[in-house]
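Take a moment to turn the structure around on your screen before reading on. We'll walk through it piece by piece.

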Amino acid sequence: MLIFSILTAAVAPGIALLTYFYLRDKYDAEPLQMVLKVFLIGFLVILPVMILQRGLTIWLGDGPIVQAFVVSAGVEEALKWFVLFYLIYHHTEFDEPYDGILYATAISLGFATVENVIYAFASHATMGTMMVRALLPVSGHAMFGVMMGYYLGRAKFSTGWSNRKYLLFSLLLPLFWHGVYDWILDNLSQYWIWYIVPLMAFFWYGGLGKIYRATKRSPFRLTEAGGQD
């Protein structure tokens, strides 16, 4: 029974947040099976991530900057970005800016969910620990997904230099902030909570703003508004 409770605590935050982001898609809801497919792809991404992280640690060492920004954030965000760009970015279902946020959070939450399950059983985590992880790592991955997806959505509906600029932002900004997050947790052992709490508040404030702006740019919103006139 305890194992079932821990497993539920590990999986529930990712499912809950995915449901939240799916329901925020107001104007042209994505096919649920496609969103779940991307979520499950996030499960699979963890294997190449672990292999690459192990290889880079052997090659580059375990210095705090390298670990936070290259081995951890760099590998994880780059692989998620790569999958989204080649499987989703050119897909016909990606037809409004918010779709970038939905699919990026789906793959991020899939990854975070598997990471959470592995952590729960590898470290014999308690329910209290899993609640903290729901508020920090799982929520953090969701916010990195919002950043990535927002700029993928901007790039999708831009041309020329703007397109390239937003594609670059979609990779570098979540990578940078993920690195900052990891560096704080790994190197500020005594006072980390005083930095992480305001940082997470900043992520959520910015993330909700990006969701609002992406939704406002939906071409289906304009069509719907025109139909009501």
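Let's start with α5, which is mostly covered: 22 of its 30 residues are buried. Keep in mind that you're looking at a predicted model. How far should the 30 residues of α5 span at 1.5 Å a residue? The expected figure is 44 Å, and the end C-alpha atoms of α5 are 41 Å apart, so the two values agree. If you follow α5 along, you'll also come across a kink of about 40° at Arg133, shortly before the proline Pro137.

Now for what the helices pack around. The largest nonpolar core has 56 residues, and Phe21, Val45, Leu84 and Leu109 are the ones with the most contacts inside it. Seven helices give two or more residues to this core: α1 (2-23), α2 (32-60), α3 (64-87), α4 (97-122), α5 (127-156), α6 (160-187) and α7 (192-216). The largest share comes from α5, our starting point, with 12 residues. There's also a second, separate core of five residues, and among them are Ile6, Ala9, Ala10 and Met130.

To get a feel for the big core, zoom in on Leu109. Leaving aside residues up to four places away in sequence, what does Leu109 touch? Its partners are Gly14, Leu17, Leu18, Phe21, Phe39, Val138 and Ala142. Thr113 is another good place to stop, and you'll find this residue in helix α4. Is Thr113 buried or exposed? The relative accessibility of Thr113 is 3%, and the cut-off for buried is under 20%, so Thr113 counts as buried. With the close sequence neighbours (up to four places away) left out again, Thr113 touches Ala10, Val11, Gly14, Phe39 and Phe43. Gly14 and Phe39 turn up as partners of Leu109 and also of Thr113.

Next, move over to α3. Its 24 residues should span 34 Å at 1.5 Å a residue, and since the end C-alpha atoms are 33 Å apart, that agrees. Even so, α3 has a kink of about 45°, centred on Gly74. This helix also holds a charged pair: the side chains of Glu77 and Lys80 meet in a salt bridge, with 3.2 Å from N to O. How many salt bridges are there in total? The count comes to one. Glu77 and Lys80 sit three residues apart in α3, about one turn of the helix. Both of these residues are buried.

At the far end of the chain, have a look at α7. This helix has 25 residues and reaches 36 Å from its first C-alpha to its last, close to the 36 Å expected at 1.5 Å a residue. Its buried residues include Ile196, Leu199, Met200, Phe203 and Lys210.

Some spots are less covered. Ser123 is found in the loop between α4 and α5. With a relative accessible area of 35%, Ser123 is partly exposed, because that value lies between the 20% and 50% cut-offs. The C-alpha atoms of Ser123 and Pro174 are separated by 27 Å, and the two residues are 51 apart along the chain. Lys165, in helix α6, counts as partly exposed too, at 24% relative accessibility. The C-alpha atoms of Lys165 and Arg154, 11 residues apart along the chain, are separated by 9.5 Å.

Finally, here's something from a record. An unreviewed UniProt entry places the feature "transmembrane region" at residues 6-23, 35-53, 65-89, 101-122, 134-153, 165-185 and 191-212. What does the model show in those places? Take residues 35-53: the chain there is 100% helix and 0% strand, and the end C-alpha atoms are 27 Å apart. Residues 165-185 are likewise 100% helix and 0% strand, with end C-alpha atoms 30 Å apart.

Technical notes
Residues numbered from 1 in each chain as written. Predicted model: local features only at pLDDT ≥ 70, side-chain atom pairs only at ≥ 80, totals over all residues. Heavy atoms only, no water. Core = buried A, V, L, I, M, F, W, Y, C linked by side-chain atoms within 4.5 Å. Buried < 20%, exposed > 50% of the residue type's maximum accessible area, 1.4 Å probe, protein only. Helix = DSSP H or I, 4+ residues; strand = E, 2+ residues; numbered from the N terminus. Contact = heavy atoms within 4.5 Å. Expected span 1.5 Å × (residues − 1). Bend = angle between axes of the 7 residues up to and from the residue. Salt bridge = Lys/Arg side-chain N within 4 Å of Asp/Glu carboxyl O. UniProt positions renumbered as here; feature names shortened; annotations may be inferred.
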